[in-house]
Amino acid sequence: MGKQRLITGILTGAIVGGLITLSDRETRSYVTKKIQICGNKTAYFAKNPAEAIHQLNVNYAKCSEQLAAGLTSALNTLHRLQELTEKIEKRDDNE
């Protein structure tokens, strides 16, 4: 019950906040342009589903490469940290 009220309150606040924000002319213009762009892209991909799949595959490959590079970098950093820790432990044991 409490969880449902929380979610309802958050959604209500977001909707009300969005409507208040749309009172600004510049914001309305921006939102209108973005909705038109989204509609055009949706219509294009509806007519060209193969292109949609191609774009999805290209973007997936990019994300995968970036994630792999980030993970490799993190693992290398952890490996260097482990080596440094071992050197410090050996130095402390020799003293």
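Tyrosine 44 is partly exposed in this predicted model, with a relative accessible area of 41%. That value falls between the 20% below which a residue counts as buried and the 50% above which a residue counts as exposed. Its sequence neighbour tells a similar story: phenylalanine 45 has a relative accessibility of 30%, so phenylalanine 45 is also assigned to the partly exposed class.

The two rings are worth a look together. One aromatic pair is found in the structure, and the partners are tyrosine 44 and phenylalanine 45. Their ring centres lie 5.4 Å apart, and the planes meet at 65 degrees. Because planes over 60 degrees apart count as edge-to-face, the pair is given that label.

Turning to the overall fold, the protein chain contains three helices and zero strands, which gives the pattern α-α-α when read along the sequence. The radius of gyration comes to 26 Å, whereas the globule rule gives 12 Å for 95 residues; the protein chain is therefore more spread out than a compact globule. Along the principal axes, the C-alpha atoms occupy a box of roughly 70 × 45 × 35 Å.

The surface figures can be read alongside these dimensions. Of the 95 residues in the protein chain, 0% are buried. The exposed area of the protein chain is about 8700 Å², and 62% of this area is supplied by carbon and sulfur atoms. As for charge, the protein chain carries 13 positive and 10 negative side chains. The centres of these two sets are separated by 19 Å.

Among the helices, H1 covers residues 2-21 and is 20 residues in length. From its first C-alpha to its last, helix H1 reaches 28 Å, close to the 28 Å expected at 1.5 Å a residue. None of the 20 residues of H1 is buried, so this helix lies largely in the open.

Helix H3 spans residues 49-94, and serine 73 is found within this helix. With a relative accessibility of 42%, serine 73 is counted as partly exposed. A useful distance for anyone tracing the chain in the viewer links serine 73 to threonine 27: the two residues are 46 apart along the chain, and their C-alpha atoms are separated by 40 Å.

How values were computed
Residues numbered from 1 in each chain as written. Predicted model: local features only at pLDDT ≥ 70, side-chain atom pairs only at ≥ 80, totals over all residues. Heavy atoms only, no water. Helix = DSSP H or I, 4+ residues; strand = E, 2+ residues; numbered from the N terminus. Buried < 20%, exposed > 50% of the residue type's maximum accessible area, 1.4 Å probe, protein only. Phe/Tyr/Trp six-rings, centres within 6.5 Å; stacked < 30°, edge-to-face > 60°. Rg over C-alpha atoms; globule rule 2.2 N^0.38 Å. Areas by Shrake-Rupley, 256 points an atom, 1.4 Å probe, with all protein chains shown as cover. Lys, Arg positive; Asp, Glu negative; His and termini not counted. Charge placed at Lys NZ, Arg CZ, Asp CG, Glu CD. Expected span 1.5 Å × (residues − 1).
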